[in-house]
Amino acid sequence: MVTAVGDTEMLIAALRREGGITVRTNFDILDTIWTDRPAIPDNKVTIHPMIYAGETAQSKLTRIRQALRQVHADGMLVSALDDVAWTLNLRGTDVRCNPVFVAYLLIDSQHATLYCNQEKLSVDVTAYLEEQGVTTAEYAEVGKGLKDYFEYNILLDPKETSYTLAKLSGAKEIVRQTSPIPAMKAVKNQTEIDGFRNAMIKDGIAIVKFLHWLRPAVEAGGQTEMSIDRKLTALRAEQPLFRDISFDTIAGYGPHGAIVHYEATPDTDVPLQPRGFLLLDSGAQYQDGTTDITRTIALGELTEEERRVYTLVLKGHIQLELCKFPQGASGTQLDALARQAMWREGMNYMHGTGHGVGSYLNVHEGPHQIRMEYVPAPLVAGMTVTDEPGLYLPDRFGVRIENTLLITPYQETEFGKFLQFESLTLCPIDTAPIIRDEMLQEEIDWLNAYHQKVYAALASHLDEDEKEWLREHTKAI
């Protein structure tokens with residue numbers, strides 16, 4: 001039920017070609033072996049108000065239908081949970097850290113039906129959906145909805161539609177195309193952009209309060225990877241419109257920082273010492289925006305190797321921030337900018353440099369990415385994307401520096417429209433580890449200007465001690 005039709009068909013073909021093996025798809029093996037399978041959550045769905053959404057569900061449905069007509073499709077099944085939530089301006093709490101809910105949305109040329117367990121929908125939500133031209137049915141009835149689908153054809157994204165549901169479609173023709181929704185969702189409207197800016201101020205306040213507290217707390221002793229995670233989450237929770245963290249925090253001290261997706265557990269949790277690096281990758285869900293930030297923090301004395309690696313990563317981060325590029329370029333074409341300084345030293349990292357970020361939605365969002373592997377999705381003004389190069393030395397330490405960026409217009413010339421990046425994240429970047437002589441002047445200028453921006457945005461929200469700390473940590477280098 002959950003394996004995409006494209007993946008299933010490739011598996012069937014590969015097994016048949018390599019060993020003459022037949023794959024049975026007419027039963028659900030999990031029904032047999034997963035005897036204690038939990039029920040679908042019955043958490044209530046909520047309306048995402050226009051003051052944060054900026055566009056009605058009715059308008060989004062109209063735009064989706066226009067996009068479907070461009071590929072000669074009469075309708076589509078929306079399977080991705082964040083696409084359902086974005087389209088209908090609804091949010092939920094069914095998936096940890098992601099404000100989505102379990103549902104399908106079936107769109108035809110005139111109507112739309114939300115397949116969602118009815119106990120999740122309040123009277124107000126049901127009435128709201130009716131106003132937007134959306135009817136509702138039980139989640140389990142989506143198969144029947146597909147069988148009864150009356151239009152001639154239907155778009156089923158082979159990467160998002162399950163094999164089981166694709167086989168149930170009653171349409172005479174299936175249009176196998178990429179869903180138009182991710183590309184729409186990726187371009188934020190002005191209300192969403194304003195929400196991001198507001199969310200970043202709140203997040204910046206919380207993180208500055210945390211950083212002001214951190215080193216004295218580490219020097220006093222008793223702090224661990226898990227305890228500082230709890231402290232940061234508590235400070236974020238004090239901010240207006242905080243709803244949740246946006247992913248499980250990565251707080252990796254020393255060698256743990258070299259594990260890209262490390263998550264501390266009671267078995268791995270280690271005390272922090274006043275030396276070396278803490279890599280802290282974290283984010284929050286505010287109702288007006290989603291945040292994602294990484295800072296690598298010097299907790300005390302550093303080695304020359306730690307300083308050198310930190311400087312290389314910072315240079316990569318800044319070079320991407322400085323980039324100006326033609327509209328329509330893909331993230332793959334920009335990725336080398338974040339790696340060029342470290343490549344000269346024979347160093348590299350094996351993860352993507354950037355991903356889209358949802359507007360009070362999933363912290364990882366496509367279709368655009370910045371990475372070495374070819375991703376053709378064009379970069380467009382209004383998209384959010386992270387900038388997070390890193391270097392990881394196994395059993396020693398790791399460094400990553402990440403801001404969330406907004407793509408904005410730069411200039412238009414006889415060669416076309418050009419775009420640039422604007423940092424949305426507001427938080428000091430640790431300057432203590434920098435080897436200044438290895439920085440280009442344009443990199444120093446960018447860092448100093450960024451720190452001026454951070455101080456101007458956050459200082460008025462802090463007490464005098466915190467403000468003085470921020471002044472010291474944003475002063476020009």
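A visitor asks a guide how the labels on this predicted model are earned.

Visitor: What should I know about the numbering and the model first?
Guide: Residues are numbered from 1 along each chain as its sequence is written, and side-chain values use heavy atoms, with hydrogens and water left out. This is a predicted model, where local features need pLDDT of at least 70 and side-chain atom pairs count only at pLDDT 80 or more, while totals for chains, interfaces and linings use all residues.

Visitor: How many helices and strands are there, and what makes something a helix or a strand here?
Guide: The chain has 15 helices and 22 strands. Both are DSSP runs numbered from the N terminus: H or I over at least four residues for a helix, E over at least two for a strand.

Visitor: Why is the chain called as compact as a globular protein of its length?
Guide: The radius of gyration, taken over C-alpha atoms, is set against the globule rule, which is 2.2 Å times the number of residues to the power 0.38. The chain comes out at 24 Å, and the rule gives 23 Å for 477 residues; the values are close, so the chain counts as that compact. Along the principal axes, the C-alpha trace spans about 65 × 50 × 45 Å.

Visitor: What share of the residues count as buried, and what does that word take?
Guide: Of the 477 residues, 55% count as buried. The cut-offs on relative accessible area are under 20% for buried, over 50% for exposed, and partly exposed in between, with a 1.4 Å probe and protein chains only.

Visitor: How do you know which residues touch, and how far apart in sequence are they?
Guide: Contact means heavy atoms within 4.5 Å. Among contacts between residues at least 6 apart in sequence, 68% join residues at least 24 apart.

Visitor: Why is N89 called buried, and what is odd about its backbone?
Guide: N89 has 2% relative accessibility; that is under 20%, so N89 counts as buried. This asparagine sits in the loop between helix 5 (81–88) and strand 3 (90–91). Leaving out residues up to four places away, N89 touches T46, I47, H48, A53, E55, T56, A57, K60 and Y128. As for the backbone, N89 has a positive phi of about 55° although it is not a glycine. Most residues other than glycine have a negative phi, and most peptide bonds are trans.

Visitor: Which label does Y360 get, buried or exposed?
Guide: Buried: Y360 has 9% relative accessibility, again under the 20% limit. Y360 lies in the loop between strand 16 (354–356) and strand 17, and has a positive phi of about 45° without being a glycine.

Visitor: What makes the bond from G366 to P367 worth a look?
Guide: That peptide bond is cis, with omega near 10°. P367 lies in strand 17 (residues 365–370).

Visitor: Why is G54 only called partly exposed?
Guide: G54 has a relative accessible area of 30%, which falls between the two cut-offs, so partly exposed is the label. G54 lies in the loop between helix 3 (50–53) and helix 4 (57–70). Not counting residues up to four places away, G54 touches N189 and T191. The C-alpha atoms of G54 and N189 are 6.6 Å apart, with their positions 135 residues apart along the chain.

Visitor: How do you know that strands 21 and 22 pair?
Guide: Two strands pair if DSSP finds at least two bridges between them. Strand 21 (residues 403–413) and strand 22 have eight bridges, so they qualify, in the antiparallel sense. They form a hairpin with two residues between them, and L406 stands opposite E422 of strand 22. Strand 22 (residues 416–423) also pairs antiparallel with strand 15 (residues 324–326), over three bridges; there K324 has Q420 as bridge partner.

Visitor: Where is T408, and is it buried or exposed?
Guide: T408 is in strand 21. Its relative accessible area is 14%, under 20%, so T408 is buried. Beyond its neighbours within four places, T408 contacts A381, L419, Q420 and E422.

Visitor: Why are strands 9 and 13 said to stand at the edges?
Guide: The open sheet of three strands has the order 9-12-13, with antiparallel pairing. Strand 9 (242–245) and strand 13 (289–290) each have a single partner strand, so one side of each is left without a neighbour in the sheet. Strand 12 (residues 284–286) is joined to strand 13 by two bridges, and Q285 stands opposite T290.
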